[in-house]
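Let's go through the labels on this one and ask what earns each of them. Have the viewer open while you read.

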Amino acid sequence: FPPAVFPLSCPVQNYSWGKVGLESEVAKLVASSDPLVQIQPEQPYAELWMGAHPRGDAVILDNRIPQKTLGQWIADNPACLGAKVKDTFQGHLPFLFKVLSINTALSIQAHPNKELAAKLHAQFPEHYPDANHKPEMAIALTSMEGLCGFRPVEEIVSFLQTVPELRALIGEVAAEQLERSGSDDPRGVSAALRVCFTRLMKSEKKFFVDQLNMLVKRISQEAAEGKDTSGSNGDLLLRLHSQYPGDIGCFTIYFLNLVRLEPGEAMFLGANEPHAYLHGDCVECMACSDNTVRAGLTPKFIDVLTLCEMLNYTPAPSSSKIFPATQSQLDPSVYLYDPPVPDFAIMRIEVPPAIKLYLVSAVDSASILLVIQGTAVGTSTAAASEMTLHRGSVLFISANESISLHLSSPDGMLLFRACCLL
């Protein structure tokens with residue numbers, strides 16, 4: 001039998017929003033996984049892609065395997081996915097696993113559901129490259145912040161009353177409609193919110209740049225005088241404006257929740273949920289797709305009409321955006337993040353220092369294992385030889401295969417494992 005468990009070398013994406021040099025968690029993982037890699041101190045290391053995506057297919061680090069990449073190997077050995085996964089996802093690995101290191105904000109965006117994805121792909125294939133949905137989940141590795149989902153209406157109304165430049169862009173009629181919408185009528189609230197957000201996003205370029213400049217000038221003066229600018233979300237406004245001057249996305253901070261995640265905390269982004277990661281490092285898993293509808297904080301193609309039409313305008317507090325992990329009954333080292341989509345799930349595996357032999361158990365799905373901390377020698381009946389695992393190591397594990405870890409680090413191990421639990 002060919003080896004069914006093997007190490008991977010994974011490609012890095014150097015997007016401009018990434019943390020630079022060894023400030024980046026991506027760069028640190030790559031440097032410790034391969035000492036020969038030269039980390040460029042000025043270069044951004046934004047994303048590590050662990051999977052079989054055509055624009056970033058992982059390379060197999062096992063010279064007994066004739067296929068060069070994971071994508072080729074899966075195409076030739078589709079049974080490695082597990083019978084259910086193979087049938088459900090037409091012989092493809094249904095997820096892409098990543099590490100992100102974020103220095104400056106990513107664009108305000110949302111991902112379409114399957115129905116909309118198919119339509120956008122048919123109409124605008126140059127902007128929407130495939131017909132799949134793209135739910136995603138991020139789990140913080142360091143303290144992380146992002147914008148996610150619409151704030152409770154009372155918070156938005158409070159900003160409309162303390163930030164006159166925002167009110168000017170939205171207009172008196174729409175602002176009053178939101179102020180009058182009652183919590184007993186959620187449809188009315190969502191309709192009013194849609195009108196307000198759409199008015200903001202569609203405002204005339206010259207008008208919103210003038211209003212933004214007035215707002216930034218006013219907040220800067222207040223901050224210089226030592227005044228509290230939190231009622232206008234001043235700190236975040238100035239930070240985003242310094243990153244994307246004159247960008248309409250700066251105003252979205254008054255509509256979207258600021259969510260802070262500590263290491264191990266997660267957020268799940270379903271279809272049509274507006275979001276933008278702002279800063280920090282995380283592991284991320286997503287369905288295999290590149291469909292992103294953008295509307296601000298970006299130099300890329302923006303599609304304001306589609307975004308405003310598709311969004312989920314349900315207000316909710318930021319605390320509701322944190323997705324809980326459940327500790328496994330069978331193995332207390334495993335915490336499972338199982339989102340409400342079939343495409344992927346993530347396990348966080350914390351092996352305590354007292355354990356010197358740990359079994360990474362078999363699941364009925366291909367999986368990808370990432371080592372964040374600790375060292376071990378891994379053995380598997382499905383591997384050609386023993387594998388040395390340390391920070392930054394990435395392993396592909398075929399369905400129904402297990403690995404024994406012989407730990408050599410004094411402080412245990414932290415691993416993340418992406419798989420598909422149908």
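Q: What counts as a helix or a strand here, before we talk about loops?
A: Helices and strands are DSSP runs, at least four residues for a helix and at least two for a strand, numbered from the N terminus. With those terms, Asn 272 sits in the loop between β14 (266-269) and β15. One thing to keep in mind: this is a predicted model.

Q: How many helices and strands does the protein have?
A: There are eleven helices and 27 strands.

Q: What makes the protein as compact as a globular protein of its length?
A: Its radius of gyration is 23 Å, and the globule rule gives 22 Å for 422 residues; the two are close, so the protein is as compact as a globular protein of that length. For the outline, the C-alpha atoms fill a box of roughly 70 × 45 × 40 Å along the principal axes.

Q: How much of the protein is buried, and how much area is exposed?
A: Buried residues make up 56% of the 422. The protein exposes about 17,900 Å², with carbon and sulfur atoms supplying 54% of that.

Q: What share of the contacts comes from residues 24 or more positions apart?
A: Among contacts with a separation of 6 or more, 76% are between residues 24 or more positions apart.

Q: Why is the pair Asp 62 and Arg 64 called a salt bridge?
A: The cut-off is 4 Å between a side-chain nitrogen of Lys or Arg and a carboxyl oxygen of Asp or Glu. Asp 62 and Arg 64 come to 3.1 Å, N to O, so the pair qualifies as a salt bridge. As for the background, side chains of opposite charge can pair when their charged atoms come close.

Q: Which label does each partner get, buried or partly exposed?
A: Asp 62 has 9% relative accessibility and counts as buried, because buried means under 20%. Arg 64 comes out at 48% and is partly exposed.

Q: How do you know that Arg 348 and Glu 350 form a salt bridge?
A: Their closest N and O atoms are 2.7 Å apart, and the limit is 4 Å. Arg 348 is buried at 13% relative accessible area, whereas Glu 350 is partly exposed at 35%.

Q: What makes the salt bridge of Asp 290 with Arg 55 a link between distant parts of the chain?
A: The closest N and O atoms of Asp 290 and Arg 55 are 3.5 Å apart. In sequence the two are 235 residues apart, with Asp 290 in the loop between β15 (275-287) and β16 (293-296) and Arg 55 in the loop between β6 (52-53) and β7 (56-57). Arg 55 is exposed, with a relative accessible area of 54%; exposed means over 50%.

Q: How many salt bridges are there, and which residues are linked in a network?
A: The count comes to 18. Glu 145, Arg 239 and Arg 260 are linked in a network of salt bridges. For the charges overall, there are 32 positive and 45 negative side chains, and the centres of the two sets lie 3 Å apart.

Q: Why is Leu 256 called buried, and what does Leu 256 touch?
A: Leu 256, in strand β13, has a relative accessible area of 0%, so Leu 256 falls under the 20% limit. Setting aside residues up to four places away in sequence, Leu 256 touches Ile 108, Leu 147, Cys 148, Gly 149, Phe 150, Arg 151 and Pro 274. Leu 256 and Phe 150 are 106 residues apart in sequence, with 4.5 Å from C-alpha to C-alpha.

Q: What is Gly 246 in contact with?
A: Leaving aside neighbours within four places, the contacts of Gly 246 are Lys 205, Phe 208, Val 209, Leu 212 and His 241. Gly 246 is in the loop between α10 (234-243) and β13 (256-261), and is buried at 16%.

Q: What is the phi of Asn 272 and of Leu 297?
A: Phi of Asn 272 is near 70°, a positive value in a residue other than glycine. Phi of Leu 297 is near 55°, again positive in a residue other than glycine. Leu 297 is in the loop between β16 and α11 (304-310). Asn 272 is buried at 15%, and Leu 297 is buried at 1%.

Methods: Residues are numbered from 1 along each chain as its sequence is written. This is a predicted model: local features need pLDDT of at least 70, side-chain atom pairs count only at pLDDT 80 or more; totals for chains, interfaces and linings use all residues. Side-chain values use heavy atoms; hydrogens and water are left out. The radius of gyration is taken over C-alpha atoms; the globule rule is 2.2 Å times the number of residues to the power 0.38. Buried means under 20% relative accessible area, exposed over 50%, partly exposed in between (1.4 Å probe, protein chains only). Contact means heavy atoms within 4.5 Å. Accessible areas come from the Shrake-Rupley method with a 1.4 Å probe; for residues, only the protein chains shown count as cover. Lys and Arg count as positive and Asp and Glu as negative; His and the chain ends are not counted. The place of a charge is taken as NZ of Lys, CZ of Arg, CG of Asp or CD of Glu.
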